[in-house]
Every structure is written in C-alpha cells, then in structure tokens.
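Biologist: I'm new to this one, so could you walk me through it?
Modeller: Sure, let's have it up in front of us and then you can ask away.
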Amino acid sequence: MTRRLSSIARVPPFLLAAIFLGLSLALSVMVGSVAIPAGTLVRMLLAQIPGLGILPDWPTAFSVIVFQVRLPHALLILLTGAALSGAGAAYQGLFRNPLADPYLLGSASGAGLGAVLVMSLHWPQEIFGYLAVPLAAFAGALAAVFAVYHLAREKQTVAPIALILAGVAVSAFASSLTSYLMLQSGAEIRRALAWLLGGSSMSGWLPVLAALPYVTVGLGVLTLSGHALNVLQSGEEQARQMGLNAERAKVVILLAASFSVAAAVAFSGIIGFIGLIVPHVARLLWGPDYRRLIPLSVLGGAGALLLADLLARNIIAPQILPIGVVTALFGSPFFLWVLRRSREQE
Amino acid sequence: MPETPLSIGFALHIQGLTAAYNGCLVLEDVSLDVPVGQVTALIGPNGAGKTTLIRAVSGTLRPRAGRIMINGREITNLPPEKRACLLAVAPQSGNLPGEFSVYQAVMMGRTPYLGWLGYPGKRDHEKTLHALELTETLHLARRRVASLSGGEQQRVLLARALAQETPVLLLDEPTTYLDLHHQVTFLQLVHRLAHQNNLAILAALHDLNLTSLYADRVALLSNGRLQAVGSPAETLTPANIQQAYRLAVRVIHHPKNGLPLILPEA
C-alpha cells in the first residue's frame, strides 16, 4: 500500500490531479442512458471551434444530450466538488482538525437552512433566486460555523471530537428548522427537498454560470491562503510570534471557505464527506503543504464528485440516486477510519 | 540601526510592565534590560509570571501598562508582521506540527519576510540553511518533524526562531522536556549563539544550577515582581532563593569555575 502510494506520488501532483479531473469529466459526459463514444465526443467538441471544418456525422440528439444536458450538469458537479473539497481542506487546516468537513462542521446544513429560508419567502425565483439564495446560504454557513466553534471551545482549545459533536448538534438543529420550513411552505418547496438531498434538480447552463463567480472567488482566496494555513498549524500564538496576523488570516479563510460551501449548497444541495475524503487522500499522497494541498484538493474534489455523480446516475438506472447517498456510502467508513487514526495519534 | 540613549547596550528594554489574566494581576511593574551578546535567564517559582512575561513581551498577551522597546523602538503596538522582525520566540518542544519536514518548519520562521503567498526567495533559503547549521540540525532537514526526539525538536524550534533574523530571542522554558545531556548541550548552544552572533537572549528556565552555569545574567521573578537581577553570583543567594521559593537552601560553589550551585537544605 505504502509502496504503491509512493509510486503514485512520484508523478507531478498537478499533472496527476488534472488528468484525474479530465478523465472524470470525459466519463461523466460519455456515460449514460445513451453512450457517447470518446471519438465522437472529441469531434463534437472540435466542431465547436469554427474554421476546423468538422461536419457533424452524429445523431442530432447527441448534441442536445452533450451540450444541453450532460456538460452543464457535469460542470455544476465539478464546481460543487471543487468548492466542497477546497473548503474541507481549509477547514481542516483552520481548526487543525482532521475530521473537519463542510457537512460534519454543520456549515452545509446552515447554508441549506439559509437557502430554504429565502426560498420560502416566495420571491420570484428567476429574478432573485440566483442572487439571494447563495447569499442567504453564505449567511447560514457562517452562522453555523461560528456556533459550532464557540460551542466546542473549552478555554483556548477545541478538541477534535468536541468540534464534530457540536457540528452534529448544530447540523441537526438547522436541518429540523429546514424541514419545518419546507413542510410549512407546501407544494412549491417540494422540489427543494430533492435539491437539498443533493439531487441537483437544477439543469441547464444558468446555475453553472451563476455558481461560477462564487466558487471562483471563494476558492481563489483559499488557494492564496496556503502559507497562512501552514503557519497556523503551529497554533495561533506561535503563528502570531512568527509574524502572521492570525486573526485576520482566520477571518479571511473562514469567510472564503464558507463562501465556497454556500455556493455549492445553493446550487447542488447538501453533499457530505467529499470535503473530508479528498483533502485526506491529497495529504497522504503529497504531504501537508497547504500551498499545494488546497489547489490539489480542488482538482481532486471536482474529479471525485464527478465519479460519485456518475455512479449515482447509473447504478440503478433509469432511476437516479441522490449524489449525497453515494458520497455518504463511501464517506462514512472513511470518516471512521480517520477518527481511529486521529485518536491513535493522540 | 539608530541608537537612542535609552537603548545603549540593551537590545530589549522592558519598563514598568504590568499584565493581568482574567482580571488577576500576574505581573506588576517589572522593569528589565536584556543586553546584547548575553543570555539573561528568567527564573522564579511556578506562577511567578515567567510565561506571562514572555507572552506579554512577544505580544500574545496585551500588557495593562508599561513599555517594551527594542533598540530604542517601542514595539508594544506593532502589528505581528513588524514585531516578528525584531523579536522571535522559541516555545516549548512538542508544539511543532509533525507532518512538515524540518526544512519546511524552519522556513516558516521567514514568514515576516515572505508576504501572504509564502513563496521563499534565495535569501530565505540561505537564512534557513544558516539557521539549520547554527543549531546543528542540517542533517535533519529532510526528516519529518514528528520523527524527531524532544532534544532535536527543541533545536528545530530554535532554528526557526533564528531564521526570523531578529536581534532579540525569547526562549520559553526550552529545556523542560529534555534529559540532562540535552539540557546541557542545548544551553551551551544558546550561550554560544548569544556571544558569537550578538543576540540578546531572554530564556525562562526552571533549573537553577543550569541557569548558574550558562546564563550571564539572572532575573528572579517572585509573585509577579522582579525580586533580584544581576550575575548568577549576585542573584542566586540563599536569602533570595529562600524568599522566592519559600525553601531553605544552601549555596555551594562549582569546583571548576566557582559558580553558585543550589542545594535544598535536606
């Protein structure tokens, strides 16, 4: 196992992560009720470039399937996986806690509550939905993380287990409020239920374009904060003695991570564990340096969620499994493994 | 660096420092000078305020009153990134993140010069290597921090503080978790660094006999006040120790160099 890991680790990290993401994206577009052969897909993509003179020799339905359905869906999943995984890596570094994950920390449920709260106000979705829902989700995610952090804090320290227990409690509280709101609001909100379970009922290019700026800003800031996260691993007091403005760094990282989570939840619902698994695997493969760990988690998380989505769409086809079910299926045993490992290290 | 009359001979000048924890006064009106090229030991019983003084001077605890100056420049209100260019702290061992390599850990001492992104330049690599050389840890550079012994970790923490390139160094009970061999070699190293590299070092220490052997000056804290300060022979007297530690002691002299050694009156 270790030997195999080290032979993988010798491939340049960003190349490996990019290949993984590229393959996942290609598979995600190719596989489905109608299979698109790889060669056809390449020619379809090349035909988008004017001047190459590639004439369509594929069924017209293929164009609709690829460009109207699968590609926008895959890109939304890609952005979601990237956001959750990058935020997970940042939370793990910020709280110095191997178990931190947007789902387990309660920030995803908080974002869900914020989003549903706005949806239940019966504002016209088309106009305000893409603006108000992510912002409300952002507020919800921040509120949840602050609550969890302060509930878990004992004197100056936050024990890893305490943080997760507080996360579970806040998460349950936010979820119950969310359920109440949804039942109150009647039929219109029902489709929100499917969304909330990670069923990403949204389709087409609009949610992709709407999510893109949020995810870019959030992950951009996190990617630039790698050194601050490295220094914070020595604890806040030492970080300050080494010349890091620790308070400012913590606030910036917390805001950016929660912003990413909010975008992911607002457009794809609550999907657990991807922000736990991917940063861990990245750390095992490529070491603890957050300047690399954050962007590598972003690439890896995008690819991993695409694969989870591929399973979700095809495992019981023609029915579709919520993607959160698939990530939890792999994520829960992984969580237990990390929990054991972190207790052994204590 | 411009010298003002206040700072001649002293890199670190503490004046009337008063600090409190949870509204409880822990340090009261402490004034202390830490000269360049010497090791000044900070001793005193548990709870006397040694760690509080280190924390207040290093800026992690906001003092209630008093001034802290380095080379004549007031540092009390400096932001962390500026303060870290003047003053570095080596904390107790066991506080290093274990997954990083020794080289990465020491490089983090360059933080005040690196900027937000943290990508080091040529000078940062040179200073890191130099700090590893000075602390005799260059052979450990590629090792993971978690795989080091306590003595090695303490040296790495010292190297990280040296990489910060500051005129003043604070050591917070650096020998607490070390055995006698490592305590002695570590303090010899600290002594040598102060004298050869012209550093002003303030080290909180527990062991009075090692303090006597390796400190140039000793500051005795008791109940949050500075009870005595001076050479080991001046400070480590039976009367001073008895008053601070509430323990009857006998002071004998080291057969080789005549420095005071403290024995409890059995």
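What follows is a chat about this predicted model, in questions and answers.

Biologist: Let's start with chain B. How many helices and strands does chain B have?
Modeller: Chain B has 266 residues, and 44% of them count as buried. Its C-alpha trace spans about 55 × 40 × 35 Å along the principal axes. As for its secondary structure, the count is 10 helices and 12 strands.

Biologist: What is the radius of gyration of chain B, and what does the globule rule give?
Modeller: For 266 residues, the globule rule gives 18 Å. Chain B comes out close to that, so it is as compact as a globular protein of that length. Its radius of gyration is 18 Å.

Biologist: Among contacts in chain B between residues at least 6 apart in sequence, what share joins residues at least 24 apart?
Modeller: Here we leave out pairs that sit fewer than 6 places apart in the sequence of chain B. Of the contacts that remain, the share joining residues at least 24 apart is 66%.

Biologist: Now for the two chains together. Which element gives the largest share of the side of chain A that touches chain B?
Modeller: In this meeting of chains, 21 residues of chain A are in contact with 23 residues of chain B. On the chain A side, the elements giving two or more residues are α10 (226-232) and α11 (236-241). That side divides into 6 nonpolar, 11 polar and 4 charged residues. The largest share, 5 residues, comes from α10(A).

Biologist: Staying in chain A, how are α5(A) and α12(A) oriented to each other?
Modeller: Two packed helices are described by the angle between their axes and the distance between the axes. For α5 (residues 107-119) and α12 (residues 246-268) of chain A, the axes are 9 Å apart and the angle is about 55°. Angles from 35 up to 65 degrees fall outside the parallel and perpendicular classes. The two helices α5(A) and α12(A) are therefore oblique.

Biologist: And what is the handedness of the crossing of α5(A) and α12(A)?
Modeller: From α5(A), the contact uses A:Ser107, A:Ala108, A:Ala111, A:Gly112 and A:Ala115, while α12(A) brings A:Ser258, A:Val261, A:Ala262, A:Val265 and A:Ala266. Those residues divide into 7 nonpolar, 3 polar and no charged. The crossing of α5(A) past α12(A) is right-handed.

Biologist: Is A:Phe273 buried or exposed?
Modeller: You'll find A:Phe273 in the loop between α12 and α13 (274-286) of chain A. Its phi is near 75°, a positive value in a residue other than glycine. The cut-off for burial is 20 or more other C-beta atoms within 10 Å. A:Phe273 has 25, so it is buried.

Biologist: Over in chain B, what is phi of B:Glu165?
Modeller: B:Glu165 is in the loop between α6 (150-163) and β7 (168-172) of chain B. With 18 C-beta neighbours inside 10 Å, it counts as partly exposed. Most residues other than glycine have a negative phi. For B:Glu165, phi is positive, near 55°.

Biologist: Last one: which residues does B:Glu173 touch, not counting those up to four places away in sequence?
Modeller: B:Glu173 lies in the loop between β7 and α7 (180-196) of chain B, and it counts as partly exposed, with 18 C-beta neighbours inside 10 Å. B:Glu133 is 40 residues apart from it along the chain, and their C-alpha atoms are separated by 23 Å. The residues that B:Glu173 touches are B:Gln92, B:Ala204, B:Leu205 and B:His206.

Technical notes:
Residues numbered from 1 in each chain as written. Chains lettered and ligands numbered in written order. Predicted model: local features only at pLDDT ≥ 70, side-chain atom pairs only at ≥ 80, totals over all residues. Contact = placed C-beta atoms within 7 Å. Helix = DSSP H or I, 4+ residues; strand = E, 2+ residues; numbered from the N terminus. Nonpolar A, V, L, I, M, F, W, Y, C, P; charged D, E, K, R; others polar. Axes fitted to C-alpha atoms, helices over the stretch in contact; angles between N-to-C directions. Parallel < 35°, antiparallel > 145°, perpendicular 65-115°, else oblique. Left-handed = near helix turned anticlockwise from the far one by under 90°. Rg over C-alpha atoms; globule rule 2.2 N^0.38 Å. Buried ≥ 20, exposed ≤ 12 C-beta atoms within 10 Å, placed from the backbone.
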